[in-house]
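Biologist: I would like a close look at the enclosed space inside this protein, followed by a careful walk through the parts that can be described around it. Please take the sequence and the structure together as you go.

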Amino acid sequence: MEFERERHAIVLGAGVAGLLAARVLTDFYGRVTVVDRDPLDGPPAGRRGVPQGGHSHDALARGHQIMEELFPGLGAELVAAGAPLGDIARDARWIVGGRTLSRSESGLTTVTCTRPFREYHLRRRLAALPGVELCGGTSVVRPAVDPERRAVTGVVVLRDGVERTLDADLVVDATGRGSRTPVWLEELGLPRVTEERHKIDIGYVTCFYRTQPEAFDGDISINTVASPEVPRGASCARVEGGRTVVTAYGVLGDHPPVDHEGFLDFVKSLQAPDAHEVLQEAELLTAPARYRFPTNLRRRYERLADFPAGLLVLGDAVASVNPRYGQGMTIAALEALVLRGHLAGTAGAPDGLGFFRELADQVIDDVWEMTLISDLSIPGVEGERTPEVLAAHEVVGRAQAAAAHDSTVALACLRLFGLIDPFTALLEPPVLERVGKVLAAAGGRPPGI
């Protein structure tokens with residue numbers, strides 16, 4: 001679609017998915033408006049519409065790359081404002097199955113910071129672009145539609161108690177898991193989109209601390225990954241303002257306590273002591289805060305037979321996966337690239353069903369499958385453990401065990417974790433051969449796989 005200065009796009013939701021989508025839209029629309037019910041001005045702060053915003057949020061390696069592509073210099077800006085920067089294989093400590101992965105220089109960087117801090121800087125960069133307007137404190141009431149009710153022509157919003165209609169050539173719903181688009185479709189006489197849910201019942205608790213400078217031994221983060229043997233984990237990371245954020249999690253109802261002593265005991269129970277050791281001399285800055293994530297959720301828009309023109313959906317509004325993998329912001333970034341490719345290849349108005357098929361093929365199918373396979377490695381998680389699933393568990397388990405002894409295998413695992421490479425990268429003959437040699441040299445098959 002050629003750029004037309006008078007065309008107007010509206011993005012619903014000012015989370016990471018919405019902000020990145022809005023940035024892409026500025027290349028195709030003369031005006032881009034971002035609507036959110038929370039205020040969008042002022043310093044970095046948690047937003048009421050993002051109840052999980054105060055917990056650890058990772059920008060995986062691929063997410064960091066895409067954000068830097070869309071907003072050149074963003075990483076340097078975050079670092080200048082106080083966020084740590086590091087190499088994912090050299091400066092981040094990864095503990096899987098109780099074993100620390102071997103270190104190397106990957107050339108892949110990430111910035112560790114809080115979500116409100118990152119969103120604040122994304123909003124600033126976006127708002128500085130020509131034709132962009134951020135409308136905070138504004139609630140979306142319903143879509144505006146044409147007389148035939150076949151196309152979305154804008155949105156009806158409520159601000160300061162007054163309803164008004166914002167006309168648009170395209171509306172993008174990035175309002176997250178609680179998206180109203182499924183209800184809107186029914187109100188337009190269309191079938192409701194099929195939803196897939198897979199129970200994981202993960203609960204996590206977060207505390208912020210002031211830690212000793214030497215507590216991390218030069219690392220930017222310590223990531224203790226839950227395993228089938230101990231399905232508990234924690235992210236312990238240095239963030240802006242000289243603070244440390246610790247988010248501990250457990251699955252299937254085994255959630256961390258919300259009293260601080262109980263929280264520390266939970267962290268102590270992990271397979272490795274590293275995160276707990278950081279907290280021995282730490283100063284508690286915030287009371288423990290809880291969040292619960294009951295199910296993975298996917299809305300199958302790509303399977304619909306009809307969809308109104310002028311409307312697209314992305315981010316958690318399409319697929320929301322287990323947060324223990326830290327993929328949410330990176331998935332949103334990948335989806336922004338799909339949006340860019342779709343708009344670049346569309347001669348006229350965007351094709352909703354075509355976009356959803358592209359989104360599924362290029363991003364969601366692989367992430368969804370690997371999330372469910374990984375979740376099924378935890379005993380008690382419901383689902384069929386087919387021969388293919390068990391084979392995937394074997395491949396990943398062997399690679400992770402070898403990664404504790406070999407930096408090349410460790411980097412292959414981290415590239416998979418960071419959504420740089422697909423799962424099939426672990427099946428490449430050179431990787432499989434190296435894993436076999438490493439495990440043989442380590443005395444055969446280490447325990448825990």
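How many cavities of 30 Å³ or more does the count come to? For the largest cavity, which residues line it, and what is the make-up of that lining by class?

Modeller: The model is a predicted one, and what follows should be read with that in mind. The count comes to 3 cavities of 30 Å³ or more, and the largest cavity holds about 40 Å³ of space. Its lining is formed by A319, V321, I331, V363, I364 and V367, and by class these are 6 nonpolar residues, with no polar and no charged residue in the lining. Helix α9, which covers residues 352–375, gives the largest share of this lining, namely 3 residues.

One of the lining residues, A319, also leads into the strands. Strand β19 consists of residues 319–320 and pairs with β17 in the antiparallel sense over 2 bridges, with S320 of β19 standing opposite L297. On the other pairing described here, β17, which spans residues 289–299, runs antiparallel to strand β12, residues 195–210, and these two are joined over 10 bridges. Within that second pairing, V205 stands opposite R290 in β17.

The chain then passes from β17 towards β18 (311–313), and D306 sits in the loop between those two strands. D306 counts as partly exposed because its relative accessible area is 26%, a value that lies between the 20% and 50% cut-offs. Leaving aside neighbours within four places in sequence, D306 is in contact with R150, L190 and L353, and the last of these belongs by its number to the range of α9, the helix that gives the largest share of the cavity lining. With R150 there is also a polar contact of 2.8 Å between the side chains. A separate relation in space concerns L185, which is 121 residues from D306 in sequence but 9.9 Å from it, C-alpha to C-alpha.

The neighbour R150 brings us to the hairpin of β8 and β9, where 6 residues lie between the strands and R149 takes a positive phi near 60°. Strand β8, residues 139–145, and β9 run antiparallel and are joined by 6 bridges; in this pairing, V155 of β9 is the bridge partner of P143.

Strand β9 (152–159) in turn takes part in an open space, the second largest pocket, to whose lining β2 (29–35), β7 (132–135), β9 and β10 (162–167) each supply at least two residues. The volume of this pocket is about 180 Å³, and the residues around it are H8, R31, T33, E133, C135, T138, V157, R159, R164, L166 and D167. The largest share, 3 residues, comes from β10. Sorted by class, the pocket lining has 3 nonpolar, 3 polar and 5 charged residues, to be set beside the largest cavity, whose lining has 6 nonpolar residues and no polar or charged ones.

Which residues elsewhere repay the same attention? Take E240, placed in the loop between β14 (232–239) and β15 (243–250). This charged residue is buried, because its relative accessible area is 8%, under the 20% cut-off. Beyond residues up to four places away in sequence, E240 touches G82, A83, P84, T112, C113, T114 and F117, and a polar contact of 2.5 Å joins its side chain to that of T114.

V278, in helix α7 (residues 274–278), is likewise covered: its relative accessibility is 5%, and it therefore counts as buried. Its contacts, again not counting residues up to four places away, are T211, A215, F216, I222 and C236. With T211, which is 67 residues away along the chain, the C-alpha separation is 7.2 Å.

Lastly, helix α1 (residues 16–25) is mostly covered, with 10 of its 10 residues buried. The buried residues include R23 alongside V16, L19 and L20. An α-helix has 3.6 residues a turn, so residues three or four places apart point the same way. In α1 the burial is not confined to residues with such a spacing, since A21 and A22, like R23, V24 and L25, are buried one after another.

Conventions: Residues numbered from 1 in each chain as written. Predicted model: local features only at pLDDT ≥ 70, side-chain atom pairs only at ≥ 80, totals over all residues. Heavy atoms only, no water. 1 Å grid on protein atoms, 1.4 Å probe; cavity = no way out; pocket = protein on both sides within 12 Å on 5 of 7 lines; lining within 4 Å. Points joined across faces, edges and corners; volume = space filled by probe spheres on them. Helix = DSSP H or I, 4+ residues; strand = E, 2+ residues; numbered from the N terminus. Nonpolar A, V, L, I, M, F, W, Y, C, P; charged D, E, K, R; others polar. Buried < 20%, exposed > 50% of the residue type's maximum accessible area, 1.4 Å probe, protein only. Polar contact = N/O pair within 3.5 Å; in protein donor to acceptor, adjacent residues only side chain to side chain. Contact = heavy atoms within 4.5 Å. Pairing = 2+ DSSP bridges.
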